[in-house]
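Thanks for making the time this morning. I would like to walk you through one model, residue by residue where that helps, and I will try to be careful about what can be read from it.

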Amino acid sequence: MSEQAHKHHRVARILSREIRGGALPDGSRLPGEHALTERFSVSRSTVRAALRSLADEGLVRTHPGIGSFVSFDGAPLDNRHGWKQALTEQGGVTPSTTVLRLEAVRDPALGAELGLGSDRFLAVDRMRSLADGARVSLERSRVPLSRGLEEVPRTGLVDGSLTATLAAVGLVVASGEQRATAVPLDAADAAQLRRSAGTSFLRVTRIGRSPGGAVLEHVVSLLDPARFELRTSFGDPH
């Protein structure tokens, strides 16, 4: 990579972080080219290349003779405490949650996949909806059925939260792994989410583990990509 390319990637990375983090809100005007060249000690051509990169990411729109404006209205979501809290923390968006399924089930295939000695799970399926009725996520959780969880189908989730329900019996997710892929909705999921079959959604598969490494939950979430984003970072942020 040339020195100029390295510089424009650095500028774009820093501005992208500020936009996604909310320091530069949607609709705000970015500092002009002269101000950016002084801030980053780079040339105008480097600034313009950085702005093109941001435009390619859908983060800004540049109007010749007027300036560049932020066009990103989302925020990165941290789902360590659940998608509902993540949406709420995003900026006051509080979704309603509908429990579609809460029962004990047997799933030998999943038990084998996770390397468990049992095929018994607590199944928790939930739908998240916004105030306007838009359904933005469908979540299917499977929790190995351990002592203290057998009565949950009868008593319900603690405060409507699976995290709180696990904590009530001494189970705390300390680590895990997560992967995300874009998938077309099948007919059944599309009907539940009130979308057309084939609509692209983000499918996130998450395995949560105890401090000792035991599997505590397996969650598959279908997320509206207009409302959710997952982000990773690497390299030197400076």
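Let me begin with a question: is S41 buried or exposed? S41 is exposed, because its relative accessible area is 62%, where exposed means over 50%, buried under 20% and partly exposed anything in between, using a 1.4 Å probe and protein chains only.

Before going further, I should say that this is a predicted model, in which local features need pLDDT of at least 70 and side-chain atom pairs count only at pLDDT 80 or more, while totals for chains, interfaces and linings use all residues. Residues are numbered from 1 along each chain as its sequence is written, and side-chain values use heavy atoms, with hydrogens and water left out.

On confidence, pLDDT being the predictor's confidence in each residue from 0 to 100, the chain has a mean of 84, and 84% of its residues reach 70 or more. Among the elements, helix α8 (residues 187-193) has the highest mean pLDDT, at 96, whereas helix α4 (residues 83-91) has the lowest, at 48. Over residues 234-238 the pLDDT is below 50, and this stretch has six contacts in the model beyond near neighbours in sequence, a contact meaning heavy atoms within 4.5 Å. Where pLDDT is low, the predicted coordinates should not be read in detail.

As for the overall architecture, the chain has eight helices and eight strands; these are DSSP runs numbered from the N terminus, helices being H or I over at least four residues and strands E over at least two. Of the 238 residues in the chain, 37% are buried, and among the contacts with a separation of 6 or more, 56% are between residues 24 or more positions apart.

Coming back to S41, this residue is found in the loop between α2 (33-40) and α3, and its phi is near 55°, a positive value in a residue other than glycine. R194, in the loop between α8 and β7 (200-209), likewise has a positive phi, near 60°, and R194 is exposed, with a relative accessible area of 57%. For context, most residues other than glycine have a negative phi.

The helices on either side of S41 also meet: the axes of α2 and α3 come within 9 Å and cross at roughly 105°, with axes taken as lines fitted to C-alpha atoms over the stretch in contact, and angles running from 0 to 180 degrees between N-to-C directions. The two helices are therefore roughly perpendicular to each other, a label used for 65 to 115 degrees, with under 35 counted as roughly parallel, over 145 as roughly antiparallel and the rest as oblique. E33, H34, L36 and T37 of α2 make this contact with R44, V47 and R48 of α3.

Also in α3 (residues 44-56) is T46, which is buried, with a relative accessible area of 2%. Its side chain makes a polar contact with the side chain of S43 at 3.1 Å; a polar contact is a pair of N or O atoms within 3.5 Å, where, within protein, one must be able to donate a hydrogen and the other to accept it, and residues adjacent in sequence count only if both atoms are side-chain atoms.

Finally, T181 lies in strand β6 (residues 175-184) and is partly exposed, at 36% relative accessibility. Leaving aside neighbours within four places in sequence, T181 is in contact with F201, L202 and R203.
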